[in-house]
Amino acid sequence: RQGVKALVVACNTATAAAVSGLRERYPELTIIGMEPAVKPAVAATKTGVVGVLATSGTLKSAQFAALLEHYGQGVEVVTQACIGLVECVEKGELTSPSTLALLKQYVKPLLDAKADTIVLGCTHYPFVRTLIEELVGKNVVLIDTGAAVAKHLKHRLQENQLLCACDELGDVSFWSNNEAAD
């Protein structure tokens, strides 16, 4: 109803749960989903061990299983569900002691497994990237999909001749299903 020309489902878990249904219901609309960056992580690893930090919903999804089946061959992929981390980010607790404690708990198994590449498999996790970088050190590569998704969206809009070639800024509207955000 808002007249959008594209939709980005900016959540790995929501993509796994709903992007296929959205594409079926709105075939005329460019719909871009998010998924953990397993493919680039596999290409980047030198130790052959990739860690994935994600929500339980993402890790349990058929879409994630398909990613591992397709791109995870020949490497060890160690997954870690980060229960409570999304809530810390949404509360703005980006550097709090409780957030740091959760992150320590979640990155330890990945580091113990010798992961040299870690996927930030949730769109909330880049908000705590600095803390994660401090915990994992300089020799571990962190990968998230934000820039790649933006690049893909631009490509799809160009491909469908929907990319604005003007200097005007568009309108920005934010919608939330959280009453506290009103």
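The following legends describe an overall view and several close-up views of one predicted protein model.

The model is predicted, so that local features require pLDDT of at least 70, side-chain atom pairs count only at pLDDT 80 or more, and totals for chains, interfaces and linings use all residues. Residues are numbered from 1 along each chain as its sequence is written, and side-chain values use heavy atoms, with hydrogens and water left out.

**Figure 1. Overall fold of the predicted protein, with eight helices and six strands.** Helices (H or I, at least four residues) and strands (E, at least two) are DSSP runs, numbered from the N terminus. Their order along the sequence is β-α-β-α-β-α-α-β-α-α-β-α-β-α. The C-alpha atoms occupy a box of roughly 50 × 40 × 30 Å along the principal axes. The radius of gyration is 18 Å, which agrees with the value near 16 Å for a compact globule of 182 residues; the radius is taken over C-alpha atoms, and the globule rule is 2.2 Å times the number of residues to the power 0.38. Of the contacts with a separation of 6 or more, 75% join residues 24 or more positions apart, where contact means heavy atoms within 4.5 Å.

**Figure 2. Surface and charge of the protein.** The exposed area is about 11400 Å², of which carbon and sulfur atoms supply 53%; accessible areas come from the Shrake-Rupley method with a 1.4 Å probe, and for residues only the protein chains shown count as cover. Buried residues make up 35% of the 182 residues. Here buried means under 20% relative accessible area, exposed over 50%, and partly exposed in between (1.4 Å probe, protein chains only). There are 16 positive and 19 negative side chains, and the centres of these two sets lie 5 Å apart. Lys and Arg count as positive and Asp and Glu as negative, without His and the chain ends; each charge is placed at NZ of Lys, CZ of Arg, CG of Asp or CD of Glu.

**Figure 3. The largest nonpolar core, made of 24 residues.** A nonpolar core is a set of buried Ala, Val, Leu, Ile, Met, Phe, Trp, Tyr and Cys residues joined through side-chain atoms within 4.5 Å. The residues with the most contacts inside this core are L53, I118, Y125, I132 and V136. Two or more residues each come from β3 (49-54), α5 (85-90), α6 (97-112), β5 (117-120) and α7 (129-136). Helix α6 gives the largest share, five residues. Beyond four places in sequence, I118 touches G51, L53, L110, V136, V140, V141, L142 and I143. A second, separate core of 12 residues includes A41, V52, L59 and F64. In soluble globular proteins, nonpolar side chains tend to be buried together.

**Figure 4. Surroundings of V38 in helix α2 (residues 38-44).** V38 counts as buried because its relative accessibility is 1%. Apart from neighbours within four places in sequence, V38 is in contact with F64, L67, L68, Y71 and V119. T99 lies 61 residues from V38 along the chain, and the C-alpha atoms of the two are separated by 25 Å.

**Figure 5. T145 in the loop between β6 (141-143) and α8 (146-159).** T145 has a relative accessible area of 12% and is therefore buried. When residues up to four places away in sequence are not counted, T145 touches M34, E35, P36 and A37.

**Figure 6. K60 in the loop between α3 (56-59) and α4 (62-71).** K60 is exposed because its relative accessibility is 72%. K60 and A16 are 44 residues apart in sequence, with a C-alpha to C-alpha separation of 9.5 Å.

**Figure 7. Positive phi values at K114 and Q161.** K114, in the loop between α6 and β5, is a residue other than glycine with phi near 75°. Its relative accessible area is 57%, so K114 is exposed. Q161, in the segment after α8, has a positive phi of about 55° although it is not a glycine. Q161 counts as exposed because its relative accessibility is 74%.

**Figure 8. E24 in helix α1 (residues 12-25).** At 67% relative accessibility, E24 falls in the exposed class. E24 and T13 are 11 residues apart along the chain, and their C-alpha atoms are separated by 18 Å.
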